[in-house]
Amino acid sequence: MSLMEHGGIPIRPVTAACWTSNSSTCPKDYTVISITEDGAAANFSRGFAMKSGYFLCYSKNLSGGMVVSDVQVISDKEAIPHGYCYIPEHLEPKASVSKKKRVCVRMVPVGSVDTAVLDIKLTAKSKMMLQHYTCVGDMHGYVMWCRKGQFSSPTPQVKPRRVSLDIHKLSLDQPAPPLPLRPSNAPPLPPGKLSIRRGILQSKDTVDTAADASHIYGITAIDGVPFILHPKFEIKSNGLTVSNTLNNIQIKSLQDIENEYSYTFTVEESAAKRTRSCTGIAS
């Protein structure tokens, strides 16, 4: 269940954090923390009597699809934890952030977690405590605090669909497309080329023409294709039939096949022997 603030406003998580020199260098949709919770200026100066400084800022824009699940403050002698990254810097030219202590965050996809960092606050280095906030660490005279909890998942926006104009042109009253060519109205075959098998099929198809024409699924891929026997299987002018031609085939035994296609690999063996002898001489 997502938490709600007073007035029914959904709680949005922190999605990014960075350093900035001032409001002019601060990225869009970011909030600059310019004052601490105890009223002090939240200007992180690099050193004593340095006028230029930088501020911490954060964003709650969910358009990137990522949220901050954790934030830590580490020293320059510590290794950055696995899965964390240092927050970016948006500073004026020649300005820089102190590296003695740095802020790192853990970024995760918004749909992969139920809890995340909801808010970030700063206090001056004192004994002041913030309720419902966790102390992250101190750096350059300030103490960083963060609040974690459940957040409200963004409501997905429904994109309107456009109906194509071609759909409106469709109508069930349009005439059906013409049927493919059927054997009943096929072009006449040359005389002497019609086989007995084709005559039987044609007479049978004539009976089923009325039933098939009214049902589109009665049409097959061979409808309209004439059935003709291949010329080499037809009766020759010299009187030889297919059966006489098949009788001339000589059936060979296994021994006849082995004798005809026997191969001893003599050439390959002699070549292999020459290769071995040449190799021995070279060594």
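How many nonpolar, polar and charged residues does the lining of the largest cavity have? I took this up first and kept the rest of the entries for the core, the hairpin and a few single residues.

**Entry: model and overall counts**

I am working from a predicted model. I looked up the secondary structure and found five helices and 11 strands. Of the 283 residues in the protein, 24% are buried. I then checked sequence separation: among contacts between residues at least 6 apart in sequence, 70% join residues at least 24 apart.

**Entry: cavity**

I searched for cavities of 30 Å³ or more and the structure holds one. The space in the largest cavity comes to about 50 Å³. By class, its lining has five nonpolar, one polar and four charged residues, which settles my opening question. I listed the lining by name: Trp19, Tyr86, Ile87, Glu89, Val97, Ser98, Lys99, Lys101, Arg102 and Val103. I asked which element gives the largest share of this lining. That element is β8, with three residues. Two of the names, Trp19 and Val103, I met again in the next entry, since both line the cavity and both are listed among the residues with the most contacts inside the largest nonpolar core.

**Entry: nonpolar cores**

I noted 24 residues in the largest nonpolar core. Those with the most contacts inside it are Trp19, Phe44, Leu56, Val71, Val103, Ile120 and Met144. I looked up which elements give two or more residues to this core, and they are β1 (16–20), β4 (53–59), β5 (66–75), β8 (101–109), β9 (115–124), β10 (134–139) and β11 (142–150). I also recorded a second, separate core of six residues, with Ile11, Val108, Ala116 and Phe151 among them. As a general remark, nonpolar side chains tend to be buried together in soluble globular proteins.

I picked Met144 for a closer look. Neighbours within four places in sequence left aside, Met144 is in contact with Leu56, Val71, Val73, Val103, Ile120, Lys121, Leu122, Thr134, Cys135, Val136, Gly137 and Met139. Four of these contacts, Leu56, Val71, Val103 and Ile120, are also on the list of residues with the most contacts inside the largest core.

**Entry: β10 and β11**

I checked the pairing of these strands: β10 and β11 run antiparallel and are joined by five bridges. Cys135 stands opposite Trp145 in β11. The hairpin has two residues between the strands. His140 is in the loop between β10 and β11, and its phi is positive, near 55 degrees, in a residue other than glycine. I asked whether His140 is buried or partly exposed. His140 counts as partly exposed because its relative accessibility is 30%.

**Entry: Asp29**

I noted a positive phi at Asp29 as well, near 70 degrees, again in a residue other than glycine. Asp29 lies in the loop between β1 and β2 (30–33). The relative accessibility of Asp29 is 45%, so I entered this residue as partly exposed.

**Entry: Thr15**

Where does Thr15 lie? I found Thr15 in the segment before β1. Why does Thr15 count as buried? Its relative accessibility is 6%, and buried means under 20%. Not counting residues up to four places away in sequence, Thr15 touches Ser59, Lys60, Asn61, Leu62, Met66, Val67, Val68 and Met107.

Notes: Residues are numbered from 1 along each chain as its sequence is written. This is a predicted model: local features need pLDDT of at least 70, side-chain atom pairs count only at pLDDT 80 or more; totals for chains, interfaces and linings use all residues. Side-chain values use heavy atoms; hydrogens and water are left out. A nonpolar core is a set of buried Ala, Val, Leu, Ile, Met, Phe, Trp, Tyr and Cys residues joined through side-chain atoms within 4.5 Å. Buried means under 20% relative accessible area, exposed over 50%, partly exposed in between (1.4 Å probe, protein chains only). Helices (H or I, at least four residues) and strands (E, at least two) are DSSP runs, numbered from the N terminus. Contact means heavy atoms within 4.5 Å. Two strands pair if DSSP finds at least two bridges between them. On a 1 Å grid over the protein atoms alone, a cavity is a set of points where a 1.4 Å probe fits but cannot get out, and a pocket is an open set with protein on both sides within 12 Å along at least five of seven lines; lining residues have an atom within 4 Å of a point. Grid points are joined across faces, edges and corners, and a volume is the space filled by probe spheres set on the points. Ala, Val, Leu, Ile, Met, Phe, Trp, Tyr, Cys and Pro count as nonpolar, Asp, Glu, Lys and Arg as charged, and the others, Gly among them, as polar.
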